[in-house]
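Biologist: Before we discuss any details, could you put the sequence and the structure up, so that we can go through them together?

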Amino acid sequence: MDEEENKILGELLFDLAQGNTDALEGIAKRVEPILLAIGSRDYYNYADVEDVVHKLYAKLVDNAWKFKENTNACAWIITLYKNLVKADLRKRKRENKFINDYAALDLEQRTNYDEAYIERHLFFKEISEQLTKEELDLIEYRYWSKATVREIAMILHKPKSTVEYKLKKLEEKLKTLS
(Lines give C-alpha, C1' and ligand atoms only; values in the text may rest on other atoms or scores of the structure.)
Protein backbone atom coordinates (compact mmCIF):
# COMPACT_ATOMS: atom_id res chain seq x y z
CA MET A 1 0.00 0.00 0.00
CA ASP A 2 1.55 3.28 -1.09
CA GLU A 3 1.69 6.46 0.96
CA GLU A 4 -1.30 8.09 -0.77
CA GLU A 5 -3.49 5.01 -0.23
CA ASN A 6 -2.36 4.89 3.39
CA LYS A 7 -3.31 8.54 3.85
CA ILE A 8 -6.76 7.85 2.39
CA LEU A 9 -7.07 4.86 4.72
CA GLY A 10 -6.27 7.11 7.69
CA GLU A 11 -8.93 9.60 6.59
CA LEU A 12 -11.44 6.77 6.27
CA LEU A 13 -10.60 5.69 9.82
CA PHE A 14 -11.26 9.24 11.04
CA ASP A 15 -14.58 9.25 9.16
CA LEU A 16 -15.45 5.93 10.78
CA ALA A 17 -14.58 7.36 14.20
CA GLN A 18 -17.01 10.21 13.50
CA GLY A 19 -19.79 7.66 12.95
CA ASN A 20 -19.74 7.42 9.15
CA THR A 21 -20.14 3.65 8.73
CA ASP A 22 -19.96 4.03 4.94
CA ALA A 23 -16.21 4.57 5.41
CA LEU A 24 -15.95 0.91 6.41
CA GLU A 25 -16.60 -0.12 2.80
CA GLY A 26 -13.64 1.97 1.61
CA ILE A 27 -11.44 0.53 4.33
CA ALA A 28 -12.45 -3.02 3.42
CA LYS A 29 -11.74 -2.42 -0.26
CA ARG A 30 -8.20 -1.28 0.53
CA VAL A 31 -7.12 -3.78 3.20
CA GLU A 32 -9.08 -6.98 2.62
CA PRO A 33 -6.64 -8.52 0.09
CA ILE A 34 -3.76 -7.92 2.51
CA LEU A 35 -5.69 -9.36 5.45
CA LEU A 36 -6.73 -12.46 3.50
CA ALA A 37 -3.11 -13.08 2.53
CA ILE A 38 -1.94 -12.69 6.13
CA GLY A 39 -4.71 -14.94 7.41
CA SER A 40 -3.93 -17.64 4.88
CA ARG A 41 -0.74 -18.48 6.74
CA ASP A 42 -2.62 -19.22 9.97
CA TYR A 43 -5.80 -20.89 8.72
CA TYR A 44 -6.43 -23.72 6.29
CA ASN A 45 -10.04 -22.78 5.82
CA TYR A 46 -10.90 -19.65 3.83
CA ALA A 47 -14.14 -19.24 5.79
CA ASP A 48 -12.17 -18.95 9.04
CA VAL A 49 -10.04 -16.19 7.54
CA GLU A 50 -13.17 -14.35 6.41
CA ASP A 51 -14.69 -14.70 9.90
CA VAL A 52 -11.70 -13.03 11.53
CA VAL A 53 -11.69 -10.29 8.88
CA HIS A 54 -15.35 -9.56 9.65
CA LYS A 55 -14.58 -9.51 13.38
CA LEU A 56 -11.90 -6.95 12.55
CA TYR A 57 -14.45 -4.72 10.81
CA ALA A 58 -16.64 -4.79 13.92
CA LYS A 59 -13.59 -3.97 16.04
CA LEU A 60 -12.70 -1.09 13.72
CA VAL A 61 -16.16 0.41 14.16
CA ASP A 62 -15.69 0.31 17.94
CA ASN A 63 -12.02 1.37 18.03
CA ALA A 64 -11.50 3.74 15.10
CA TRP A 65 -11.29 6.64 17.56
CA LYS A 66 -8.05 5.14 18.92
CA PHE A 67 -6.23 5.64 15.63
CA LYS A 68 -3.66 8.41 15.94
CA GLU A 69 -3.06 10.93 13.20
CA ASN A 70 0.26 10.73 11.31
CA THR A 71 0.68 7.01 11.91
CA ASN A 72 0.59 4.22 9.37
CA ALA A 73 -3.09 3.27 9.08
CA CYS A 74 -2.47 -0.02 7.32
CA ALA A 75 0.07 -1.12 9.93
CA TRP A 76 -2.38 -0.18 12.69
CA ILE A 77 -5.14 -2.27 11.08
CA ILE A 78 -2.77 -5.21 10.51
CA THR A 79 -1.77 -5.10 14.18
CA LEU A 80 -5.43 -5.21 15.24
CA TYR A 81 -6.02 -8.07 12.83
CA LYS A 82 -3.03 -10.08 14.02
CA ASN A 83 -4.19 -9.66 17.62
CA LEU A 84 -7.62 -11.00 16.66
CA VAL A 85 -6.03 -13.97 14.88
CA LYS A 86 -3.87 -14.74 17.93
CA ALA A 87 -6.88 -14.55 20.24
CA ASP A 88 -8.94 -16.76 17.93
CA LEU A 89 -6.20 -19.39 17.67
CA ARG A 90 -5.68 -19.37 21.45
CA LYS A 91 -9.42 -19.83 21.93
CA ARG A 92 -9.49 -22.75 19.50
CA LYS A 93 -6.53 -24.39 21.19
CA ARG A 94 -8.06 -23.86 24.61
CA GLU A 95 -11.28 -25.49 23.49
CA ASN A 96 -9.37 -28.37 21.85
CA LYS A 97 -11.10 -27.63 18.58
CA PHE A 98 -8.09 -26.56 16.59
CA ILE A 99 -7.56 -29.19 13.92
CA ASN A 100 -6.24 -29.07 10.43
CA ASP A 101 -9.55 -28.09 8.82
CA TYR A 102 -8.41 -28.49 5.28
CA ALA A 103 -7.04 -32.00 5.79
CA ALA A 104 -10.24 -32.99 7.61
CA LEU A 105 -12.39 -32.20 4.60
CA ASP A 106 -13.36 -34.91 2.18
CA LEU A 107 -12.29 -34.67 -1.44
CA GLU A 108 -15.59 -33.20 -2.66
CA GLN A 109 -15.42 -30.37 -0.14
CA ARG A 110 -11.78 -29.62 -1.00
CA THR A 111 -12.60 -29.07 -4.65
CA ASN A 112 -15.11 -26.37 -3.69
CA TYR A 113 -12.33 -24.12 -2.41
CA ASP A 114 -11.10 -21.28 -4.52
CA GLU A 115 -8.01 -22.62 -6.31
CA ALA A 116 -6.24 -19.25 -6.12
CA TYR A 117 -6.74 -19.17 -2.35
CA ILE A 118 -5.31 -22.67 -1.97
CA GLU A 119 -2.27 -21.80 -4.10
CA ARG A 120 -1.70 -18.59 -2.12
CA HIS A 121 -2.13 -20.46 1.14
CA LEU A 122 0.35 -23.17 0.18
CA PHE A 123 2.89 -20.59 -1.02
CA PHE A 124 2.68 -18.54 2.18
CA LYS A 125 2.70 -21.67 4.31
CA GLU A 126 5.83 -22.96 2.57
CA ILE A 127 7.66 -19.65 2.95
CA SER A 128 6.43 -18.98 6.49
CA GLU A 129 7.71 -22.37 7.68
CA GLN A 130 11.20 -21.23 6.78
CA LEU A 131 10.94 -17.81 8.45
CA THR A 132 10.77 -16.77 12.09
CA LYS A 133 7.76 -14.97 13.51
CA GLU A 134 9.78 -11.76 13.68
CA GLU A 135 10.69 -12.08 10.00
CA LEU A 136 7.04 -12.63 9.10
CA ASP A 137 6.10 -9.53 11.07
CA LEU A 138 8.73 -7.53 9.21
CA ILE A 139 7.33 -8.71 5.87
CA GLU A 140 3.79 -7.77 6.86
CA TYR A 141 4.69 -4.31 8.07
CA ARG A 142 7.33 -3.42 5.47
CA TYR A 143 5.95 -4.90 2.27
CA TRP A 144 2.20 -5.22 2.78
CA SER A 145 1.47 -2.11 4.78
CA LYS A 146 4.46 -0.15 3.41
CA ALA A 147 5.41 1.04 6.88
CA THR A 148 8.62 3.01 7.13
CA VAL A 149 11.57 1.62 9.06
CA ARG A 150 10.89 4.19 11.77
CA GLU A 151 7.26 3.10 12.07
CA ILE A 152 8.25 -0.57 12.22
CA ALA A 153 10.80 0.24 14.92
CA MET A 154 8.08 1.95 16.95
CA ILE A 155 5.62 -0.94 16.49
CA LEU A 156 8.18 -3.60 17.41
CA HIS A 157 9.82 -1.51 20.15
CA LYS A 158 13.26 -1.90 18.56
CA PRO A 159 15.94 0.61 17.55
CA LYS A 160 15.71 1.82 13.96
CA SER A 161 19.19 0.50 13.15
CA THR A 162 18.21 -2.98 14.36
CA VAL A 163 15.14 -2.99 12.13
CA GLU A 164 17.22 -1.83 9.15
CA TYR A 165 19.73 -4.61 9.76
CA LYS A 166 17.04 -7.26 10.14
CA LEU A 167 15.29 -6.10 6.96
CA LYS A 168 18.56 -6.33 5.04
CA LYS A 169 19.18 -9.87 6.33
CA LEU A 170 15.56 -10.82 5.59
CA GLU A 171 15.86 -9.63 1.99
CA GLU A 172 18.98 -11.74 1.55
CA LYS A 173 17.20 -14.76 3.04
CA LEU A 174 14.15 -14.28 0.80
CA LYS A 175 16.38 -14.20 -2.28
CA THR A 176 17.74 -17.60 -1.36
CA LEU A 177 14.25 -19.02 -0.74
CA SER A 178 12.79 -17.98 -4.09
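Biologist: Is E11 buried, partly exposed or exposed, and what is its relative accessible area?

Modeller: This is a predicted model, and the answer should be read with that in mind. E11 has its place in helix α1, which covers residues 3–17. Buried would require under 20% and exposed over 50%, so E11 is partly exposed, with a relative accessible area of 42%.

Biologist: Which residues gather with E11 in a patch of negative charge on the surface?

Modeller: Residues enter such a patch only with over 30% relative accessible area and no salt bridge, and the value for E11 is 42%. The residues that gather with E11 in the patch of negative charge are D2, E3, E4 and D15.

Biologist: How far apart in space are T148 and E3, C-alpha to C-alpha?

Modeller: T148 sits in the loop between α8 (133–144) and α9 (149–156), and T148 is partly exposed at a relative accessible area of 37%. Although T148 and E3 are 145 residues apart in sequence, their C-alpha atoms are separated in space by 9.9 Å.

Biologist: Which kind of aromatic pair do F14 and F67 form?

Modeller: The count comes to 2 aromatic pairs. In the pair of F14 and F67 the ring centres are 5.6 Å apart, and with 65° between the planes the geometry is edge-to-face.

Biologist: Which of the two, F14 or F67, is buried?

Modeller: The pair links distant parts of the chain, with F14 in helix α1 and F67 in the loop between α3 (46–63) and α4 (73–94). F14 counts as partly exposed at 33% relative accessibility, whereas a relative accessible area of 5% falls under the 20% limit, so the buried residue is F67.

Key:
Residues are numbered from 1 along each chain as its sequence is written. This is a predicted model: local features need pLDDT of at least 70, side-chain atom pairs count only at pLDDT 80 or more; totals for chains, interfaces and linings use all residues. Side-chain values use heavy atoms; hydrogens and water are left out. Patches are made of residues with over 30% relative accessible area and no salt bridge: like charges are joined within 9 Å, nonpolar side chains (Val, Leu, Ile, Met, Phe, Trp, Tyr) within 5 Å. Accessible areas come from the Shrake-Rupley method with a 1.4 Å probe; for residues, only the protein chains shown count as cover. A salt bridge is a side-chain nitrogen of Lys or Arg within 4 Å of a carboxyl oxygen of Asp or Glu. Lys and Arg count as positive and Asp and Glu as negative; His and the chain ends are not counted. The place of a charge is taken as NZ of Lys, CZ of Arg, CG of Asp or CD of Glu. Helices (H or I, at least four residues) and strands (E, at least two) are DSSP runs, numbered from the N terminus. Buried means under 20% relative accessible area, exposed over 50%, partly exposed in between (1.4 Å probe, protein chains only). Rings of Phe, Tyr and Trp (its six-membered ring) pair if their centres lie within 6.5 Å; planes under 30 degrees apart count as stacked, over 60 as edge-to-face and the rest as tilted.
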